[in-house]
Amino acid sequence: MKRRRKTTRRGKGEGGVNFNEAKGLWVGSISTGLDANGKTVRRYVYAKRKEDLLDKLDLLKSQRKDRSLVAPSRMKVSEYFQTWLEGTARLRVRFGTYQNYSGLIKNKIVPKLGGLKLSLLSAVHIQSLLADLERHGESAYRRQQIHSVLYSALGDAVRLRLIPYNVCASVRSARLPDKEKPVLDELQASKLLEKAKADRLFALYFIALATGMRQGELFGLKWSDIDFKAGTISIQRTTAPEQVEAANGIPKVRIGTNAPKTRKGRRLITLPASAIQILREHKKRMLKEGHLEWVFCNEHGGLLDRNHVRRRKWRPLLEETNTALPNDHKLPTRFRFHDLRHTAATWRLSQSDSLKVIQELLGHAKITTTSDTYSHVTPSMQAQSAERINKKLARLVR
């Protein structure tokens, strides 16, 4: 006579519970929802004692109640990140940011974590990845970007109920070193502008120093944005790479324009008189060339490409400038066009302009960004302030 398999029916409210004699274990299950085909998906747990199994089922029930219970996924990290990149990030961020995310995922995240199941990814894995990148010389800024991508992508995985919680939240992001940003002194700035005078884009460097505008904002300026009578520039757009479909159907990247990222980025800047005069002279030159739309354009009248300007214009200009400077005043080899913006802000702060004025000039969304970025300037400002108040107090006690 065939021996009947011994099972124990579940008690009321216990969920699916039975004893598997072949394995010698109590087996329990609970529904986690429906799959894409409308079939019930169940989560199984095991224990040697029935009491322990019921405790595990109670935990699953509480997770199901607070919506933290998810069905275990077989999706790998590489599959999920590719899906997230194309289906979520691409629709959420600008094309340049999407390109950056794509490179980080392909070259930094997937080689180390791509083979893991998404459901098994842990904070230890992420910490190991970041530590390995640091050992191989990856900058703190780059590691901070990678942490940000991981945090954002895994946060969306939680919302999609692919994982119960964001394991990246337990991993600290890399801390950026406190580096003082390079700033031109008067001699360096004078020599740079002197060497730039022969360039058709001389006005570009002058206006960057005069206003602290971002490179993309300068490249996106139209003549209609400048009011010569009022002496102002209206920031309406910035340049950025964009993807377009070519005639043969193959996507290609070109330079386009976007609105400023924040409300503060769209602003009105009052120009010093010297900058207005430089722009008048530059406009005459551009009109002779037949270029009537963009203030700073290439030889064909189109938008400037940042990489082209850096390689063909900026780096040669730095080399020429350094040849004219004494050894103790040489510019750093990695001095960037963006450092003209830092120079403009530092000069303004050094002449005791308020942080609020600098924030509005630079288009920072928060004044804390301004104060944190230029904290190295504030001690001298405090010394000047102390000297001014000292003179006032001294007069009171005469």
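**Questions on a predicted model: sheet, helices and two buried glutamines**

User: Happy to start with the sheet. In what order do the strands of the open three-stranded sheet lie?

Analyst: In this predicted model, the open sheet has three strands with antiparallel pairing. Strand S4 (226–227) and strand S8 (268–270) are its edge strands, each pairing on one side only. The order is therefore S4-S5-S8.

User: Thanks! Which residue in S5 is the bridge partner of Asp227?

Analyst: S4 and strand S5 (residues 232–234) run antiparallel and are joined by two bridges. Asp227 has its bridge partner in S5, and that partner is Thr232.

User: Let's step back to the whole chain. What percentage of its residues is buried?

Analyst: The protein chain contains 14 helices and eight strands. Of the contacts between residues at least 6 apart in sequence, 59% join residues at least 24 apart. Among the 398 residues of the chain, the buried share is 38%.

User: Now for helix packing. How are H3 and H4 oriented to each other?

Analyst: Helix H3 (residues 95–113) and helix H4 (residues 123–135) have axes that come within 10 Å and cross at roughly 130 degrees. H3 passes H4 in a right-handed crossing. An angle of 65 to 115 degrees would count as roughly perpendicular and one over 145 as roughly antiparallel. The crossing of H3 and H4 fits neither class, so the two helices are oblique.

User: And which H3 residues meet H4?

Analyst: On the H4 side, the residues are His125, Ile126, Ser128, Leu129, Asp132 and Leu133. By class, the contact has five nonpolar, two polar and three charged residues. From H3 come Lys108, Ile109, Lys112 and Leu113.

User: Next, H7. How many of its residues are buried?

Analyst: Helix H7 (residues 202–211) is mostly covered. The buried residues include Phe202, Tyr205 and Phe206, as well as Ala210 and Thr211 at the end of the list. After H7 comes Gly212, with a positive phi near 75 degrees. The count of buried residues in H7 is ten of ten.

User: How are H7 and H11 oriented to each other?

Analyst: H7 and helix H11 (residues 339–350) pack with their axes 6 Å apart, at an angle of about 40 degrees. Since roughly parallel requires an angle under 35 degrees, this pair falls outside that class, and H7 and H11 are therefore oblique.

User: What classes do the residues in that contact belong to?

Analyst: H7 contributes Tyr205, Ala208, Leu209, Ala210 and Thr211, while H11 contributes Leu340, Thr343, Ala344, Trp347 and Arg348. Sorted by class, the contact of H7 with H11 comes to seven nonpolar, two polar and one charged.

User: On to single residues. Is Gln215 buried or exposed?

Analyst: Gln215 sits in helix H8 (residues 215–219). Leaving aside neighbours within four places in sequence, Gln215 is in contact with Arg306, Val309 and Phe337. Its C-alpha lies 9.2 Å from that of Leu204, eleven residues away in sequence. Because the cut-off is under 20% and Gln215 has 17% relative accessibility, this residue counts as buried.

User: One last one: what is the relative accessibility of Gln188?

Analyst: Gln188 belongs to helix H6 (residues 186–196). Beyond its neighbours within four places in sequence, Gln188 is in contact with Val183, Thr321, Leu325, His329, Lys330 and Leu331. Gln188 counts as buried because its relative accessibility is 8%.

Definitions and conventions. Residues are numbered from 1 along each chain as its sequence is written. This is a predicted model: local features need pLDDT of at least 70, side-chain atom pairs count only at pLDDT 80 or more; totals for chains, interfaces and linings use all residues. Side-chain values use heavy atoms; hydrogens and water are left out. Helices (H or I, at least four residues) and strands (E, at least two) are DSSP runs, numbered from the N terminus. Axes are lines fitted to C-alpha atoms, for helices over the stretch in contact, and angles run from 0 to 180 degrees between N-to-C directions. A crossing is left-handed if the near helix is turned anticlockwise from the far one by less than a right angle, and right-handed if clockwise. Contact means heavy atoms within 4.5 Å. Ala, Val, Leu, Ile, Met, Phe, Trp, Tyr, Cys and Pro count as nonpolar, Asp, Glu, Lys and Arg as charged, and the others, Gly among them, as polar. Buried means under 20% relative accessible area, exposed over 50%, partly exposed in between (1.4 Å probe, protein chains only).
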